[in-house]
Amino acid sequence: MSISIRNVWRTFGEGVTAVHALRDVDLEVPQGQFTVILGPSGSGKTTLLNLVGAIDQGTGGTLEVDGVDLGGLDDKGRIGYRRTEVGLVFQFFNLIPTLTALENVELVAELTGDDGAARARQALEGVGLVDRVDHFPSQLSGGEQQRVAIARALAKQPPILLCDEPTGELDFETGRMILALLRRLNRENGQTVLLVTHNAAIGEMADRVVRLRSGAVVEDRTIADPVEAEALTW
Ligand SMILES: Nc1ncnc2c1ncn2[C@@H]1O[C@H](COP(=O)(O)OP(=O)(O)OP(=O)(O)O)[C@@H](O)[C@H]1O
Ligand SMILES: [Mg+2]
């Protein structure tokens, strides 16, 4: 799915205490593009993902996904959009400690129907965790937990994948493995990926790098010849 962000503002509060988390952001993201969003802490990266994920709404401008204005959706429409079109990978995994890996995927992704468990198992297989399905998060390494979180985001094969610092908590090797996995899935399924990081080196594997500063886009660069994730160093 394509994402069209036009003159988008997100202001928190008002008057002298107003914080402009996003200032007049313009981005046209075609379907299948792998975009890395860079920027220092507080620059608006998470705020931007939250708008695209319909978790939050802008205070100005328009945000369209495949031509549908998210601002025009009612609550039901937004819930439907979040359920079917968007996969979210959070920085801190957000796994439920009392559920196994399989249950975290099946129940949290709301895979309903008789084949829910089978589809969850398939998603875990896709991230190389088929032998860990009955483990609880506390029995998994950080990289394994992040892979469960990715399986959960991908289980419904959403056309849009939003990843907020997916490697932030991981060591270098594991982080690179996760990035390679995301890139492979993006190529195989044509998902549109927005990946937030503060690590500029990760930008080299993307089709495009967008840099935010104080809520504004200060760099927007297309990369003609991205490197393979396995070749990244930082
Ligand atoms: N709900 C909120 N209420 C008030 N201010 C907010 C809210 N959410 C975010 N902000 C402010 O908006 C700005 C952007 O925040 P955001 O979380 O998008 O930054 P970020 O780029 O993701 O930072 P980090 O790299 O630390 O995660 C910050 O100044 C933050 O304090
Ligand atoms: Mg953030």
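**Exercise 1. Find the partner of β6, then build out the sheet it belongs to.**

Start with one pair: β6 and strand β7 (residues 160-164) run parallel to each other and are joined by four bridges. Strands count as paired here if DSSP finds at least two bridges between them; strands themselves are DSSP runs of E with at least two residues, helices are runs of H or I with at least four, and both are numbered from the N terminus. For a foothold in that pair, look at valine 86, which sits opposite isoleucine 160 in β7.

A quick word on what you're looking at: this is a predicted model, where local features need pLDDT of at least 70 and side-chain atom pairs count only at pLDDT 80 or more, while totals for chains, interfaces and linings use all residues. Residues are numbered from 1 along each chain as its sequence is written, and chains are lettered from A and ligands numbered from 1 in the order in which they are written.

Now widen the view. The open sheet has six strands, in the order β6-β7-β8-β3-β9-β10, and its pairing is mixed. At the edges are β6 (86-89) and β10 (216-222); each has a single partner strand, so one side of each has no neighbour in the sheet. From one strand to the next, the twist averages 15° (angles run from 0 to 180 degrees between N-to-C directions, and axes are lines fitted to C-alpha atoms, for helices over the stretch in contact).

**Exercise 2. Walk from β3 to the β10 edge.**

Step one: β3 pairs with strand β9 (residues 208-213) in the parallel sense, over four bridges. Threonine 35 has arginine 208 in β9 as its bridge partner.

Step two: β9 and β10 run antiparallel and are joined by six bridges. Here arginine 213 is bridged to alanine 216 in β10.

Step three: check the turn. β9 and β10 make a hairpin with two residues between them, and serine 214 in that turn has a positive phi of about 50°.

**Exercise 3. Work out the order and edges of the four-strand sheet.**

This open sheet reads β2-β1-β4-β5, and its pairing is antiparallel. Its edge strands are β2 and β5 (68-69), each pairing on one side only. To see one of the pairs, take strand β4 (residues 60-65) with β5: two bridges, antiparallel. Glutamate 64 has aspartate 69 in β5 as its bridge partner.

**Exercise 4. Describe how α5 packs against α3 and against α6.**

Two packed helices are described by the angle between their axes and the distance between the axes.

Take α3 first. The axes of α3 (residues 101-108) and α5 (residues 142-154) come within 9 Å and cross at roughly 25°. α3 and α5 are therefore roughly parallel (that label covers angles under 35 degrees; over 145 is roughly antiparallel, 65 to 115 roughly perpendicular and the rest oblique). On the α3 side the contact uses Ala101, Asn104, Val105 and Val108, and on the α5 side Val148, Ala151 and Arg152; being in contact requires C-beta atoms, placed from the backbone, within 7 Å. These residues split into five nonpolar, one polar and one charged. (Ala, Val, Leu, Ile, Met, Phe, Trp, Tyr, Cys and Pro count as nonpolar, Asp, Glu, Lys and Arg as charged, and the others, Gly among them, as polar.)

Next, α6. α5 and α6 pack at about 15°, with axes 10 Å apart, and that makes them roughly parallel too. Gly142, Gly143, Gln146, Arg147, Ile150 and Leu154 of α5 meet Thr174, Met177, Ile178, Leu181 and Leu185 of α6. Count by type and you get six nonpolar, four polar and one charged.

Finally, place α6 (residues 172-189) on the strands: it lies across β3 (34-38), β7 and β8 (192-196), at about 160° to β8.

**Exercise 5. Sort out the shell around ligand 1.**

List the residues: Phe12, Val19, Ala21, Gly39, Ser41, Gly42, Ser43, Gly44, Lys45, Thr46, Thr47 and His198. A residue is near a molecule or strand if its C-beta atom, placed from the backbone, lies within 6 Å of it.

By type, the shell holds three nonpolar, eight polar and one charged. By element, β2 (19-29) and α1 (45-52) each supply at least two residues, with α1 giving the most, three.

Notes:
Contact = placed C-beta atoms within 7 Å.
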